[in-house]
Amino acid sequence: MKLWQKEGVSTAEQIERFTVGRDREMDLYLAPFDVLGNLAHAQMLETIGLLTDQELSLLTAELKTIYRAIEAGKFAIEDGIEDVHSQVELLLTRTLGNVGKKIHSGRSRNDQVLVDLKLFTRDRLWRVTQATHRVFNRLISLSEQHKNDLLPGYTHLQIAMPSSFGLWFGAYAEALADDTLTLQTAYRLANRNPLGSGAGYGSSFPLDRSLTTELLGFEGMHVNVVYAQMSRGKTEQTALTALAAVASTISRMAMDICLYNSQNFGFLTLPDALTTGSSIMPHKKNPDVAELLRAKTNRLKALPMEVTLVMSNLPSGYHRDMQLLKEILMPAFDELLDCLEITDFMLEHIQVKTNLLDDSKYDLLFSVERVNELVLQGVPFREAYQTVGKEIAEHTYAPPRTLHHTHEGSIGNLGTGLIIAQMETALAGFGADRAQAAIEQLLH
């Protein structure tokens, strides 16, 4: 069964295999959202007279039955059925006969795919945001816990100035707060209703697009029906750009952990349960979890470019090229959610080494403190700089190990509250509560 198939016309098996590809597999991600779109569409069709009250009741009840089957893992796209939209309509028609066939009125498979993708992307972006927030909270907690544990700061991989684990953990927390703003942008772009745009040119039925926008909890609609179709690709690319931002932060932190866990640095330790061994070297405790995090998140960073290349030079309107975007987008959410979960687990068990800067090999970290000490005594900065340089060259330099950092975001004043406020502001901009309430009402 195909929504577009005409009687007496068939497609060659080889062509069907090539054109369908992995679409049926990817469509299983969309199944619950296809039902939600159908529920909203059916309610709207009743208000404009294309369904009776009784027909709406029958369709609504059966759609909710299908939704429960999907939630229970009992939904499948049958052999010979092209996609999730065809499968849902087939189930409705089997049970309700001609009433099931009415669900497609005023709609194209194009806007069905679009609304499913919008709802899916909106849902998964919020899940990623929640997982990111959990890692953020872990980092904030660790930052406060280790605010007095000093750490060498580096530039050019040369020791530079004193830092702290409080600053290090807090830096990645603030990075995730910024990444959450990127997630918010992607969420709000996905949170637009394309339903009613049809194949990209609207319908002669008096569709109430404002009603379906409200029923599905969208922030607004894609007003222009041509642009609704043009949002395909743009939505996926923006979502993947947001995922890549989070992935980049996790990748960089994973690299730090690999470095800091090595014996030559020895700043932190992963417990034995989080490491693996060597088949030949009995002393090895490898940070495989951090290394795989680095690789998986680095791979995610490439996905926005894949979408860019698929969409290159396409004119307006729908093109089958866009089908491949599902294969890029959907598994990416699973991958990043898995990475965020293991990152939180790793951070929960990470062990920080204390008193690192007591070692004389870090004496030069305090050279700026010595310069500032002279400046506070009235010596011009440039002269103080030259004096300390001479002390170092002549081996008369004595590091002042007492630190007096008081400004916001420094060792002595982490600014944790300000970073938390940044995250709270970013989270407040999603409007996810409204979307969730609308979906719950639709399924009620």
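This is a walk through one protein chain, stop by stop, with something to select at each.

**Before you click**

The model is predicted, so local features are used only at pLDDT of at least 70 and side-chain atom pairs only at pLDDT 80 or more, while totals for chains, interfaces and linings use all residues. Residues are numbered from 1 along each chain as its sequence is written, and side-chain values use heavy atoms, with hydrogens and water left out.

Helices and strands here are DSSP runs numbered from the N terminus: H or I with at least four residues for a helix, E with at least two for a strand.

**Stop 1: a long-range salt bridge**

Select Lys326 and Asp27. These two form a salt bridge, and their closest N and O atoms are 2.6 Å apart. (To count as a salt bridge, a side-chain nitrogen of Lys or Arg must be within 4 Å of a carboxyl oxygen of Asp or Glu.) Side chains of opposite charge can pair when their charged atoms come close.

Now colour the helices. Lys326 sits in helix α12 (residues 325–349) and Asp27 in helix α2 (residues 23–47), so the pair links distant parts of the chain, 299 residues apart. Are Lys326 and Asp27 buried or exposed? Both are buried, where buried means under 20% relative accessible area, exposed means over 50%, and partly exposed is in between (1.4 Å probe, protein chains only).

**Stop 2: Arg109 and its partners**

Next, pick Arg109 and Glu82. Their side chains meet in a salt bridge, with 3.1 Å from N to O. Arg109 belongs to helix α6 and Glu82 to the loop between α3 (53–71) and α4 (84–96), so this pair ties together parts 27 residues apart in sequence. Arg109 counts as partly exposed because its relative accessibility is 24%. Glu82, with a relative accessible area of 6%, is buried.

Add Asp83 to your selection: Glu82, Asp83 and Arg109 are linked in a network of salt bridges.

**Stop 3: along helix α6**

Stay on α6 and select Asp123 and Arg127. How far apart are the closest N and O atoms in this salt bridge? The answer is 3.0 Å. The two residues are four apart in helix α6, so about one helical turn separates Asp123 from Arg127. Asp123 is partly exposed at a relative accessible area of 24%, and Arg127 is partly exposed at 39%.

In the whole model, the count comes to 17 salt bridges.

Before leaving α6, click on Leu139, which is also in this helix. Its relative accessible area is 0%, so Leu139 is buried. For a ruler exercise, draw a line from Leu139 to Pro315: their C-alpha atoms are separated by 45 Å, and the residues are 176 apart along the chain.

**Stop 4: a cavity**

Rolling a probe the size of a water molecule over the atoms shows where empty space is left. A cavity is found on a 1 Å grid over the protein atoms alone, as a set of points where a 1.4 Å probe fits but cannot get out; lining residues have an atom within 4 Å of a point. Points are joined across faces, edges and corners, and the volume is the space filled by probe spheres set on them.

How many cavities of 30 Å³ or more does the structure hold? It holds one, and the largest cavity has a volume of about 40 Å³. To find it, select Leu114, Leu117, Lys118, Thr121, Ser231, Arg232, Thr235 and Glu236, which line it. The elements giving two or more residues to this lining are α6 (109–145) and α9 (225–261).

**Stop 5: two histidines in loops**

Jump to His156, in the loop between β1 (150–155) and β2 (158–164). Its phi is near 55 degrees, a positive value in a residue other than glycine. Then go to His395, in the loop between α14 (381–393) and α15 (416–428). His395 has a positive phi of about 60 degrees, although it is not a glycine. His156 is exposed, with a relative accessible area of 75%, and His395 is exposed, with 75%.

**Stop 6: the loop after β6**

Finally, select Leu364, found in the loop between β6 (351–352) and α13 (367–376). Leu364 counts as partly exposed because its relative accessibility is 42%. Leu356 lies in the loop between β6 and α13, but Leu356 is buried, with a relative accessible area of 13%. Measure across to Phe265: the C-alpha atoms of Leu356 and Phe265 are separated by 10.0 Å, and the two are 91 residues apart along the chain.

Note on methods:
On a 1 Å grid over the protein atoms alone, a cavity is a set of points where a 1.4 Å probe fits but cannot get out, and a pocket is an open set with protein on both sides within 12 Å along at least five of seven lines; lining residues have an atom within 4 Å of a point.
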